[in-house]
Amino acid sequence: MKFSERLHKKLQPIWRQNHNHPFVKGIGDGTLDQRKFRFYMIQDYLYLIDYSKVFALGAVKANDVETMGKFASLLNSTLNFEMSLHRQYAARFGISEEELEQAKPSPITLAYTHYMLHASQNGTLAELISALLPCAWSYWEIGKELNEIPGASEHELYGDWVKMYSSKEFGELATWCIELLDEHTTGKSEKELARLEEIFLNTTRYEYMFWDMAYNEQMWPGDE
Ligand SMILES: Cc1ncc(C[n+]2csc(CCO)c2C)c(N)n1
C-alpha cells in the first residue's frame, strides 16, 4: 500500500469531522456568519505567510532542480495568487490593508504555523511534506465537496472561496505533494513512517482546530 493510502485511510475519522464542522457547512450552504469568516480571513492570511516559508524551505531541502523549481513555483502562487484572493476578500469585508498587516496570530494560528515550521526546519524533506500535505489535501477535498452543493460556488460572499479550493490547480498541487511523499517514503523503515504519520496526524488535527478557532473567533484570553 502506498504511504499516502495508509494516511488517507487512517485519518478518515478526523477528515469527516473537518467536513462536518459548522464553519465548513456554513460556507457550503451560505449561512456562515460574516463576522466569523472575516475573523478566519485575517488569521488565514497570517497562516499563509508562514505556509509560504514552508515552501521556501522545501526548495532548500530538495535534492533535485525539478523539485526545487516546483517548490519555488508554489511559493510564488501562494504569495501572489492565493493571498491575493485573501486581500480581495479582506476589502469586501471592510478589512483595511493596515488591519491585515497589523493583525496578530491567535493561539491556534501561532501553534499550527510554528509546529509546521519546526517540523520543516528540523526534519527531512519527507517530514516537511508530511507537515504541509494535510493542508493542501484536505482543502481540496473540502472544496470539491462544497462545489457539489447547488449554488455554493455562486454565493456572493463564499462562492469565490469554493471555486478556488475546488479548482484544477489545487487538485494538481495536492496530487503533486501526495506523489512526492510516496516517492520519499518508498523503502523507509516502519519507525520513520510512524514519525511521518505522527506529523501528518498533528497537522490534520490543527486543520480541525483552525476551523474551530475561526468559528468561535477565539483569540488570547483577555484579548477578545
Ligand atoms: C488553515 C489553512 N489550511 C489550509 C489552507 C489551504 N492552503 C494553504 S496553502 C495551500 C497550497 C498552496 O497555495 C493551500 C491549499 C488554508 N488556506 N488555510
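These exercises look at two glutamates and a ligand shell in a predicted model.

**Exercise 1.** Which residue does UniProt list for "active site", and in which helix is its place?

*Solution.*
Step 1: Start with the record. The unreviewed UniProt entry lists E207 for "active site".
Step 2: Find E207 in the structure. E207 sits in helix α11, which covers residues 190-215.

**Exercise 2.** Decide whether E207 is buried or exposed. Then list its contacts, leaving aside neighbours within four places in sequence.

*Solution.*
Step 1: Take the neighbour count. E207 has 22 other C-beta atoms within 10 Å.
Step 2: Apply the cut-off. A residue is buried if 20 or more other C-beta atoms lie within 10 Å of its own.
Step 3: Conclude. E207 is therefore buried.
Step 4: List the contacts. Beyond those sequence neighbours, E207 touches N18, P134, C135 and S138.

**Exercise 3.** Describe the shell around the ligand.

*Solution.*
Step 1: Pick out the residues that come nearest. Of the 15 residues around the ligand, these are T78, E82, C135, A136 and Y139.
Step 2: Sort the shell by type. It holds 10 nonpolar, two polar and three charged residues.
Step 3: Name the helices. α4, α5, α8, α10 and α11 each give at least two residues to the shell.

**Exercise 4.** Where does E82 lie, and is E82 buried or exposed?

*Solution.*
Step 1: Locate E82. Its helix is α5.
Step 2: Count. E82 has 20 C-beta neighbours inside 10 Å, so E82 counts as buried.
Step 3: Add contacts. Leaving aside neighbours within four places in sequence, E82 meets L48 and S77.
Step 4: Look along the chain. M164 is 82 residues away from E82, yet their C-alpha atoms are separated by 8.3 Å.

Technical notes
Residues numbered from 1 in each chain as written. Predicted model: local features only at pLDDT ≥ 70, side-chain atom pairs only at ≥ 80, totals over all residues. UniProt positions renumbered as here; feature names shortened; annotations may be inferred. Helix = DSSP H or I, 4+ residues; strand = E, 2+ residues; numbered from the N terminus. Buried ≥ 20, exposed ≤ 12 C-beta atoms within 10 Å, placed from the backbone. Contact = placed C-beta atoms within 7 Å. Near = placed C-beta within 6 Å. Nonpolar A, V, L, I, M, F, W, Y, C, P; charged D, E, K, R; others polar.
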